[in-house]
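Please prepare a briefing on the structure shown below, covering its overall make-up, its open and enclosed spaces, and its cysteines.

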Amino acid sequence: MSSSADIHTNGNGNARHEHILRPRAIKPNNPAVLRTMGEEGLLAVESMQNGSVSGQTSGRSTPVPADAPPSVRSISSARKQLRAEQRRRLFPTIEYASRVSHFDPNSDYRDFQGFYILFWIALTIMAITTMLRNIKDTGYPMRVQIWQLFTVKVWELALADGLMVLNTAISLPLHRLFRSQIGDKLGLRWQGGGMAVQSIFQIVWFAFWVALPFNREWTWTAQVFLTLHTLVLLMKMHSYAFYNGHLSETERRLKALDEPSTASKAPAYQYPSAGHTPTSEEREKKDADELSRLREDLAIELTSPMGSVTYPKNLTWANYTDYIFCPTLCYELEYPRTPGIVWTELGYKILAVFGVIFLLTITSEEFILPVMIESAYRLETVTSFSETALILAESISMLLFPFMITFLLVFLVIFEYVLGAFAEITCFADRHFYSDWWNSTDWLEFSREWNIPVHHFFRRHVYSASRPHIGRPMATLITFLISAIGHEIVMACITKKIRGYGFLAQMSQLPIVMLQRTKWIKGKRVLNNVCFWCSMILGLSMMCSLYVLC
């Protein structure tokens, strides 16, 4: 309600207008605000709505002449439309549109950084509560059963690992021998005896370094580290030797074309045929064109994709050392590089490596090892199969969540932090070490996206090398077979048992993929992704229980 203080008579004091009530005079607006609103076209709209005109504007836009060109009319129409959209309602209006939620399969939203942060916060809470519980129970923040394993024969492990890395450098002088005239006279060209010599060296080298931890009776942590590093260096050495061997044969062919009459004219690549029988003139021209094209193809093969390095200028110790430290398993003459090392990023990666190892140790110490010890003790006292199966099932169920956390942490420490740190040290620019494997719908998709460096190696040196000789299905089978053998070796080093569970689980992925690609299941991405995650989580805890307890 208005009081007598809220109204006054007309300002001219005329008695005839004393019955007319007027609003109290208000303070004039800020000139700067009026100027800004006038420039944006807002003041005129508000003045017209209030029925008054400000001193800054006339309250209406300049009329457009009848004979104005279409461009002027379009501009005037656009200005009127924008001004109309800027009118304010007295009651706030909510804008509704046809949109989907962020988790909807049809959504284009992909930024879930907050969940990544939440994951680390949850792990931090887990670590803090675990340490508080240990202080309450034992008086110490952490148990020491697994921590003690890291200090057993650690210097012996470091020495062996260094010698193992140095031994891989034998591939460089071996390749120089295969390429030299002496090697040619001895029958050690790459396509002759060179490939066989390199393969025998790799087999002996791998067998020695896998057997060494067993003979030295190292702890399982040291043994797993050396075995994984052995597999990495074996793939690196194989890629270096076989790619340079291919380049050495390419160089021989290019030099042999200096005398075309005796050189091989087999094309470097298979080109489509012309589709008709050529004449003699066309045949002569085609032969000349093919010879020129062959020289060009061979020369391109000897040059890096970026054009800065040409074989054999890459056969140096500096190039080999750089390749050993680069986070890749496939050798190339040249890699894309970053401008320099970002030291803050490198420090963050190194700290993250130790932080994740700390969390892995806590998870194993608190949630995996006690379950294994208790289950092993209970299995010693049972005699019936049903009781044994019940203990195994209980162990598997109790290890589901700890192994899921362990799996995610192992993924992060290897592909995000360790490889990222080496990429920063070597200025390696291509850091696409994994893709969105968490959206996988079958095991073939997972194998391509979970570990891209290993996928590139198997596709290049196993699948593509064997496919022309044995066909696509057998090449796929051979690729999975070699991968399964590698996984079984790792499990044997951890548990010091050869059971074959991991090998069978790996090979069973092929029939599962065939089933998932049938017309009844193919295309159901949510269902297949659920099956993938269930088999992943269940498989990890099941493998651990079977290898350790059986």
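In sorting lining residues by class, Ala, Val, Leu, Ile, Met, Phe, Trp, Tyr, Cys and Pro count as nonpolar, Asp, Glu, Lys and Arg as charged, and the others, Gly among them, as polar. By these classes, the lining of the second largest pocket divides into 18 nonpolar, five polar and seven charged residues. The model is a predicted one, and every value below is computed from it.

**Overall make-up**

- The secondary structure of the protein chain consists of 19 helices and two strands.
- The protein chain has 550 residues, of which 35% count as buried.
- When contacts in the protein chain between residues at least 6 apart in sequence are considered, 70% of them join residues that are at least 24 apart.
- About 34700 Å² of the protein chain is exposed, and carbon and sulfur atoms supply 63% of that area.

**The second largest pocket**

- The second largest pocket has a volume of about 1400 Å³, and of the 30 residues that line it, Arg-110, Phe-112, Asp-436, Trp-438 and Asn-439 are the closest to its centre.
- Several helices take part in the lining of this pocket, with α4, α12, α13 (385-426) and α19 (525-549) each supplying at least two residues.

**The largest cavity**

- The count of cavities of 30 Å³ or more comes to one, and the volume of the largest cavity is about 30 Å³.
- The residues that line the largest cavity are Thr-130, Asn-134, Met-142, Arg-143, Trp-147, Ile-362, Glu-365 and Glu-366, and by class they comprise three nonpolar, two polar and three charged residues.
- Both α4 (113-138) and α12 (343-379) supply at least two residues of the lining of the largest cavity, while the largest share, three residues, comes from α12.
- The helices α4 and α12 therefore recur in this model, since each supplies at least two residues to the lining of the largest cavity and each also supplies at least two to the lining of the second largest pocket.

**Cysteines**

- The structure holds zero disulfides; Cys-326, for example, is in no disulfide, and the nearest cysteine sulfur, that of Cys-427, lies 9.4 Å away.
- That separation can be set against the cut-off for a disulfide, which is a pair of cysteine sulfur atoms within 2.5 Å.
- Cys-326 counts as buried because its relative accessible area is 2%, where buried means under 20%.
- Cys-493 likewise counts as buried, because its relative accessibility is 1%.

Conventions. Residues are numbered from 1 along each chain as its sequence is written. This is a predicted model: local features need pLDDT of at least 70, side-chain atom pairs count only at pLDDT 80 or more; totals for chains, interfaces and linings use all residues. Side-chain values use heavy atoms; hydrogens and water are left out. On a 1 Å grid over the protein atoms alone, a cavity is a set of points where a 1.4 Å probe fits but cannot get out, and a pocket is an open set with protein on both sides within 12 Å along at least five of seven lines; lining residues have an atom within 4 Å of a point. Grid points are joined across faces, edges and corners, and a volume is the space filled by probe spheres set on the points. Helices (H or I, at least four residues) and strands (E, at least two) are DSSP runs, numbered from the N terminus. Buried means under 20% relative accessible area, exposed over 50%, partly exposed in between (1.4 Å probe, protein chains only). Contact means heavy atoms within 4.5 Å. Accessible areas come from the Shrake-Rupley method with a 1.4 Å probe; for residues, only the protein chains shown count as cover.
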